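Here is a short tour to read with the model open beside you. We will go from the overall layout to the core, and then to the ligand.

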Amino acid sequence: MHLFDPLVIRGVTIPNRVVVSPMSQYIAEEGVANDWHLVHLGRFALGGAGLVFTEATAVEARGRRTHGDLGLWSDTQIEPLARVARFVAEQGAVPGVQLAHAGRKASERRPWHGETPVDDEDVALRGEAPWEAIAPSALPYGEVWPAPTPMHTEDIAAVLAAFRDAARRAEAAGLEVIEVYAAHGFLAHQFYSPLANERRDGYGGDFEGRIRFALELADALREVWPERLALFFRLSLTDWVDEGWTLDESVELARRLGERGVDLIDCSSGGIGGPHRPRMPLGPGFMVPRAARVRREAGIATMAVGFIWDAAQADEIIRSGQADAVALARELLAEPNWPLRVARELGLDDDFGRWKPQFGWWLGKRERVVTKLGMRQAPAQPAKR
Ligand SMILES: Cc1cc2nc3c(=O)[nH]c(=O)nc-3n(C[C@H](O)[C@H](O)[C@H](O)COP(=O)(O)O)c2cc1C
């Protein structure tokens with residue numbers, strides 16, 4: 001098994017194990033996909049990725065993180081996203097959507113506007129008004145943040161219904177994988193982390209109470225999301241804080257999600273916010289051993305993510321059975337053709353056969369000429385000092 005072997009989940013065949021990790025662009029208007037999304041996601045499909053995820057896509061307007069988030073809370077959002085999904089699928093990649101609710105992280109400025117709460121200044125500058133966030137408890141996301149409104153049981157039911165409706169729209173748009181954004185301090189993570197949840201009503205307290213929302217979310221989606229299509233959950237495997245959510249708890253939650261029809265756990269970490277100071281041991285592929293543990297102990301497929309860019313390392317993650325897929329974000333921004341380049345580097349494409357003929361025909365022809373004329377020089381050795 002290697003990086004370019006297909007991954008079959010239910011009725012979905014992902015042609016290789018390089019996944020485009022969700023990357024918010026904050027450029028949608030009223031949640032509607034536009035030409036930017038088509039080109040941004042389309043070029044990853046042209047670049048040879050097996051599965052292309054949209055960015056965090058809000059299931060209700062209140063659950064957006066910023067004014068620029070994509071959404072699937074209205075039928076008018078289906079066709080513009082379907083256009084993107086069609087293009088991705090036509091290139092042979094699988095189109096996926098990350099369904100999201102930001103909870104207390106809602107009403108935030110775009111990263112380049114400060115990643116701070118939207119306020120009157122945004123109204124003056126951009127005509128963008130703040131809105132009220134909901135969350136498991138009235139604990140603010142950070143120091144300068146307003147306290148969110150704690151959710152009543154009816155609010156929980158309404159959010160579950162919004163996820164169900166968004167899943168129906170995702171199917172109508174031709175998306176084949178749903179990933180629930182249950183990480184990085186988004187709503188489902190706010191429920192399962194003790195750092196954001198101080199409820200005493202069956203949706204908080206002990207482990208069982210805190211994971212209840214995530215489990216109900218999996219059930220709600222499986223009610224409407226066709227059996228033949230894949231369902232992933234992105235979890236923060238740990239809060240990296242002593243009193244926070246732990247890897248042990250993630251293993252158990254992953255197992256329970258698997259029992260409810262979740263097919264794969266996307267293994268990320270961190271992001272819960274609050275006054276806590278997480279200690280993240282960043283390094284190349286730092287989440288890989290943790291994804292491997294979830295895979296081994298919870299008996300569910302996993303995807304590793306975070307600081308992965310080296311071809312040999314990505315391939316070894318799959319060959320060694322540490323994860324079933326790798327997700328890349330920033331490296332693909334730098335090099336959207338990374339999968340195609342890496343396939344050649346790994347000796348899995350010696351004639352540009354994986355490239356679209358519009359590109360590969362020319363590159364193959366040039367390569368033959370270059371080789372014949374001996375134009376390709378061995379890389380110069382750095383001079384000895
Ligand atoms: C521009 C950008 C936007 C992102 N938006 C999202 C998002 O919408 N949802 C999400 O789960 N993660 C998001 N992330 C995190 C990435 O999916 C990924 O987990 C993280 O960048 C680590 O992978 P990397 O080291 O390959 O970049 C974003 C990252 C970047 C760089």
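The C-alpha centres of domain 1 and domain 2 lie 40 Å apart in this predicted model. Domain 1 covers residues 7–349, and domain 2 covers residues 357–385.

Now for the interior. The largest nonpolar core holds 111 residues, and among those with the most contacts inside it are I178, M303 and V326. Helix 4, residues 153–172, gives the most to this core, with seven residues. As a general background, nonpolar side chains in soluble globular proteins tend to be buried together.

V19 is a good residue to click on next. You will find V19 in strand 3, which spans residues 18–20. Is V19 buried or exposed? V19 counts as buried because it has 33 C-beta neighbours inside 10 Å, and the cut-off for buried is 20 or more. V19 and R354 are 335 residues apart in sequence, yet their C-alpha atoms are 16 Å apart in space.

The table lists contacts of two residues, leaving aside neighbours within four places in sequence.

| Residue | In contact with |
|---|---|
| V19 | A49, G50, L51, F53, M303, A325, V326 and A327 |
| I178 | V97, L99, A167, A170, L221, W225, L231 and F232 |

M303 and V326 thus appear among the contacts of V19, and both are also among the core residues with the most contacts.

Finally, look at the ligand. Of the 20 residues around the ligand, S21, P22, A56, A329 and R330 come nearest. Strand 4 (51–58) and helix 10 (330–334) are the elements that give two or more residues to this shell. By type, the shell divides into ten nonpolar, six polar and four charged residues.

Terms used. Residues are numbered from 1 along each chain as its sequence is written. This is a predicted model: local features need pLDDT of at least 70, side-chain atom pairs count only at pLDDT 80 or more; totals for chains, interfaces and linings use all residues. Helices (H or I, at least four residues) and strands (E, at least two) are DSSP runs, numbered from the N terminus. A residue is buried if 20 or more other C-beta atoms lie within 10 Å of its own, exposed if 12 or fewer, and partly exposed in between; C-beta atoms are placed from the backbone. Two residues are in contact if their C-beta atoms, placed from the backbone, lie within 7 Å. A residue is near a molecule or strand if its C-beta atom, placed from the backbone, lies within 6 Å of it. Ala, Val, Leu, Ile, Met, Phe, Trp, Tyr, Cys and Pro count as nonpolar, Asp, Glu, Lys and Arg as charged, and the others, Gly among them, as polar. Domain bounds come from an automatic or database domain assignment. A nonpolar core is a set of buried Ala, Val, Leu, Ile, Met, Phe, Trp, Tyr and Cys residues joined through C-beta atoms within 7 Å.
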